[in-house]
Amino acid sequence: MTQAAPLAAAVLAALCAAQPAMAQKSTADGIAEYREMLQDGNPAELFEMKGEELWKKKRGPNNASLERCDLGKGPGVVKGAFVELPRHFADTNKVQDLESRLLTCMQTQQGLDAQKIAATPFGKDEQKNMEGLVAWISSQSKGMKLDIPQSHAKERQMYEVGKRMFYLRGGPHDFACASCHGTDGKRIRMQDLPNLTKNPGAAEGFGSWPAYRVSSGELWSMQRRLNDCFRQQRFPYPGYASDVTVALGVFMGVNGKGGMSTAPAIKR
């Protein structure tokens with residue numbers, strides 16, 4: 001009996017010590033199961049249908065479609081374009097992500113006012129149409145590997161700018177993007193915070209947007225997601241499709257090279 005008592009105490013102590021890890025694993029498993037269930041019938045498919053229609057529809061003062069828009073693989077080629085954006089475009093001499101590139105095409109081909117669209121609140125008017133376009137275009141590269149180019153000097157420059165922005169601390173809470181997304185194993189409540197400095201976190205984080213957000217019932221583009229990050233840092237909102245947001249996209253996308261695109265994904 002005297003020998004059994006210390007053994008029982010040791011077993012009890014080991015079980016108590018293991019409880020936090022067991023509970024954490026159980027929580028993580030529950031979240032994974034929840035997300036897997038959400039994937040069955042992703043509402044983003046409705047946005048994809050609208051986006052394909054908008055791509056082919058003649059609109060704007062020029063009564064033209066976007067079917068000649070060059071997303072980096074030649075006029076009208078959509079498949080595989082998303083996983084190679086942001087990239088440098090010779091006609092604008094700028095590094096552009098999907099949304100900034102669409103603004104260029106909407107203005108030059110359809111005659112729409114790109115500045116007006118950029119100033120429009122998310123979820124309103126042409127920004128609502130942008131949601132459909134990014135959903136459909138990203139879906140055409142789903143399952144393909146991220147391969148953000150770095151061959152042009154401006155692409156490499158944007159990576160360095162994005163890296164500096166990622167680690168830049170400021171605002172009333174002295175936050176940076178890296179505060180939440182610079183190390184492994186972080187979470188806010190039920191939300192995992194992927195490490196965006198390396199794979200697999202960079203691919204999971206960058207390659208899953210645009211995404212349908214169950215909590216708001218809306219489809220969020222990468223630009224909208226970045227705006228929300230700035231809000232949470234208590235930073236001023238960046239301009240829509242600005243160089244700052246594009247540079248952050250380059251940084252994340254290059255870090256996620258080789259990972260699989262899952263956009264448009266579904267998020268809590």
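# Cavities, a pocket and helix contacts

Student: Which residues lie nearest the centre of the largest cavity?
Tutor: The lining of the largest cavity has 17 residues. A cavity is a set of points, on a 1 Å grid over the protein atoms alone, where a 1.4 Å probe fits but cannot get out, and a lining residue has an atom within 4 Å of a point. Of the lining, those nearest the centre are Phe82, Asp97, Leu98, Glu99 and Met222.

Student: What is the mean pLDDT of the chain?
Tutor: This is a predicted model, in which local features need pLDDT of at least 70, side-chain atom pairs count only at pLDDT 80 or more, and totals for chains, interfaces and linings use all residues. Residues are numbered from 1 along each chain as its sequence is written, and side-chain values use heavy atoms, with hydrogens and water left out. pLDDT is the predictor's confidence in each residue, from 0 to 100. In this chain 85% of residues reach 70 or more, and the mean is 89.

Student: How many contacts does the stretch 1-12 have beyond near neighbours in sequence?
Tutor: Residues 1-12 have pLDDT below 50. A contact means heavy atoms within 4.5 Å. Residues 18-23 also have pLDDT below 50, with zero contacts beyond near neighbours in sequence. For residues 1-12 the number is zero.

Student: How much space lies in the largest cavity?
Tutor: The whole structure holds two cavities of 30 Å³ or more. A volume is the space filled by probe spheres set on the grid points, which are joined across faces, edges and corners. For the largest cavity this comes to about 150 Å³.

Student: Which helices each supply at least two residues of the lining of the largest cavity?
Tutor: Helices (H or I, at least four residues) and strands (E, at least two) are DSSP runs, numbered from the N terminus. By class, the lining has eleven nonpolar, four polar and two charged residues. Here nonpolar covers Ala, Val, Leu, Ile, Met, Phe, Trp, Tyr, Cys and Pro, charged covers Asp, Glu, Lys and Arg, and polar covers the others, Gly among them. The helices asked for are α3 (98-108), α9 (222-232) and α10 (243-255).

Student: Which helix gives the most to the lining of the second largest cavity?
Tutor: The second largest cavity encloses about 40 Å³. Its lining consists of Phe122, Gln127, Met130, Glu131, Leu219, Ser221 and Arg224. Three residues of the lining come from the helix of residues 125-139, α5.

Student: Which helix gives the most to the lining of the second largest pocket?
Tutor: A pocket is an open set of points with protein on both sides within 12 Å along at least five of seven lines. The second largest pocket has a volume of about 240 Å³, and of its 15 lining residues Lys94, Ser100, Leu103, Thr104 and Ala114 are closest to the centre. At least two residues each come from β2 (94-96), α3, α4 (114-119) and α10. The most, four residues, come from α3.

Student: At roughly what angle do the axes of α9 and α10 cross?
Tutor: Axes are lines fitted to C-alpha atoms, for helices over the stretch in contact, and angles run from 0 to 180 degrees between N-to-C directions. Met222, Gln223, Leu226 and Phe230 of α9 meet Val244, Thr245, Leu248 and Met252 of α10. These residues divide into six nonpolar, two polar and no charged. The two axes come within 11 Å, and they cross at roughly 100°.

Student: How are α6 and α10 set to each other?
Tutor: The axes of α6 (residues 153-167) and α10 come within 7 Å and cross at roughly 95°. Angles of 65 to 115 degrees count as roughly perpendicular. The contact divides into 13 nonpolar, two polar and three charged residues. The pair is therefore roughly perpendicular.

Student: How far apart are the axes of α2 and α5?
Tutor: Ala44, Phe47 and Trp55 are among the α2 residues that meet α5, where the partners include Leu133 and Trp136. By class, this contact has eight nonpolar, four polar and five charged residues. Helix α2 (residues 44-56) packs on α5 at about 100°, with the axes apart by 7 Å.

Student: Which residue does a cis peptide bond join to Asn199?
Tutor: Most peptide bonds are trans. The cis bond at Asn199 has omega of about 5°. The partner lies in the loop between β4 (191-193) and α8 (201-206). That partner is Pro200.

Notes:
Parallel < 35°, antiparallel > 145°, perpendicular 65-115°, else oblique.
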